[in-house]
Amino acid sequence: MFIRSATRVARAVAVAYLLILLTMTFLERYLVYPAPPLTRSDWTAGGERFEDVLFTSSDGTRLHGWYLDRPGARRAVLYFHGNGEQVADNADLIPLLADRLDASVFLFDYRGYGKSGGKPTEAGVVADGLAAQRWLAARTGGPPEGVVLIGRSIGGGVAVACAAELGAEALVLQSTFSRLTDAAASHYPWLPVRLLMQNRYDSVERIQAYRGPLFASHGTADLVVPIELGRRLFATAPSQPKRFYEMPGRGHNDPQPASYYPALAAFLDTAATPPAAATSKAAPGDKGDAATGGVPRPAT
């Protein structure tokens, strides 16, 4: 009797687990790409400040973005936002990047986000990033490898893929994972996400094809993408020079600290010099490891 009851319980648990697996597989796109509704954001915030850009991805999908031209700018910056936001949520970030980094700035929406068409998939979103990089290069009159790529969270995964494919003047990663499957496994350790997920964003593998400057930052209190995943990606990157900028007490969605942009600007200015002359030193009190090719310091 006991064996029979235990068998029934085990069978019920197995069926329930299988149903959970099927549900999570079905919901993957919605979990990975929780695009906000168009009406959530103020699309009038751009006003006359930005150029409204319509461009096309490699498969013909129509994409939308905002561009801020800064005459005489030192660099061109392409920003890849996180998976829960859209262009209009970053109206204040665009002029901030332009001012702090002396840059012309382009921010766009992946397919399925904002005013861009289509539905997001990893291959499609990466293709959108490549199209945006080529658009910005053409708009500013430089080569694609002359663009600074800044990616936040999943946007960092897209930025890594673009840098691996087209190169970059510098790659800037904010709260970015080693692989999306690693981040998912940290939240669902009881699910075989590494086997089941279609959207993988294997940045550890992709970043091997990029050897240019890398500036990675991460908060020690990040509960969405644990800092260990950011350290893992940084440690495996063959980039030179590279710097890991640790932000004590910062969570995934916390704003960058006041010291972040001066540190990033100084790194970009240094990284643009010939390699023989390149140096990168941490400012007093800076928790980041600025040494060329260095490894991140442990959280303090």
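Student: What makes the link between the side chains of S153 and H252 a polar contact?

Tutor: In this predicted model, the side chain of S153 meets the side chain of H252 at 3.0 Å. A polar contact requires N or O atoms within 3.5 Å, one able to donate a hydrogen and the other to accept it. The value of 3.0 Å lies within that limit, so the pair is called a polar contact.

Student: Where in the chain is S153 placed?

Tutor: S153 sits in the loop that joins strand 5 (147–152) to helix 5 (154–166).

Student: Why is S153 called buried?

Tutor: The relative accessible area of S153 is 8%. Buried means under 20%, and therefore S153, at 8%, is buried.

Student: Which residues are in contact with S153, leaving aside its neighbours within four places in sequence?

Tutor: They are G82, Q174, S175, T176, F177, V225 and H252. Each has the name of contact because heavy atoms of the two residues come within 4.5 Å.

Student: Which residues lie nearest the centre of the largest pocket?

Tutor: S153 and H252 appear again there, with N83, V224 and V225. In total, 39 residues line this pocket, and its space is about 910 Å³. By class, the lining has 21 nonpolar, 13 polar and five charged residues. Helix 6 gives the largest share, four residues. Helix 1 (2–26), helix 2 (28–32), helix 3 (93–101) and helix 7 (193–196) are among the other elements that supply at least two.

Student: How do you know that the structure holds a cavity of 30 Å³ or more?

Tutor: The largest cavity has a volume of about 60 Å³, and there is one cavity of 30 Å³ or more. The word cavity applies because a 1.4 Å probe fits at its points but cannot get out, whereas a pocket is an open set.

Student: What lines the largest cavity?

Tutor: Its lining consists of L173, S175, T176, A216, S217, H218, G230, L233, F234 and F244. Strand 7 (214–219) and helix 9 (227–236) are the elements that each give two or more of these residues. The lining divides into five nonpolar and five polar residues, with no charged ones.

Student: Which residues of helix 9 are buried?

Tutor: They are I227, L229, G230, R231, L233 and F234. Three of these names, G230, L233 and F234, also stand in the cavity lining. The cover over the buried residues of helix 9 includes strand 6 (170–174), helix 6 (180–187), helix 8 (203–206), strand 7 and strand 8 (242–247).

Student: Why is Y261 called buried?

Tutor: Y261 belongs to helix 10 (residues 260–271). Its relative accessible area is 7%, and buried means under 20%, so Y261 meets the definition. Not counting residues up to four places away in sequence, Y261 touches L93, L96, L97, R100, L101 and Q256.

Student: How far apart are Y261 and L97 in sequence and in space?

Tutor: They are separated by 164 residues in sequence, yet by 8.5 Å in space, C-alpha to C-alpha. For the chain in general, 70% of the contacts between residues at least 6 apart in sequence join residues at least 24 apart.

Student: What makes up the largest nonpolar core?

Tutor: It has 55 residues, and those with the most contacts inside it are F55, L78, F80, F106, L149, L171 and Y201. Another core, of 32 residues, lies apart from it and includes A91, A98, F215 and A265.

Technical notes: Residues are numbered from 1 along each chain as its sequence is written. This is a predicted model: local features need pLDDT of at least 70, side-chain atom pairs count only at pLDDT 80 or more; totals for chains, interfaces and linings use all residues. Side-chain values use heavy atoms; hydrogens and water are left out. Buried means under 20% relative accessible area, exposed over 50%, partly exposed in between (1.4 Å probe, protein chains only). A nonpolar core is a set of buried Ala, Val, Leu, Ile, Met, Phe, Trp, Tyr and Cys residues joined through side-chain atoms within 4.5 Å. On a 1 Å grid over the protein atoms alone, a cavity is a set of points where a 1.4 Å probe fits but cannot get out, and a pocket is an open set with protein on both sides within 12 Å along at least five of seven lines; lining residues have an atom within 4 Å of a point. Grid points are joined across faces, edges and corners, and a volume is the space filled by probe spheres set on the points. Ala, Val, Leu, Ile, Met, Phe, Trp, Tyr, Cys and Pro count as nonpolar, Asp, Glu, Lys and Arg as charged, and the others, Gly among them, as polar.
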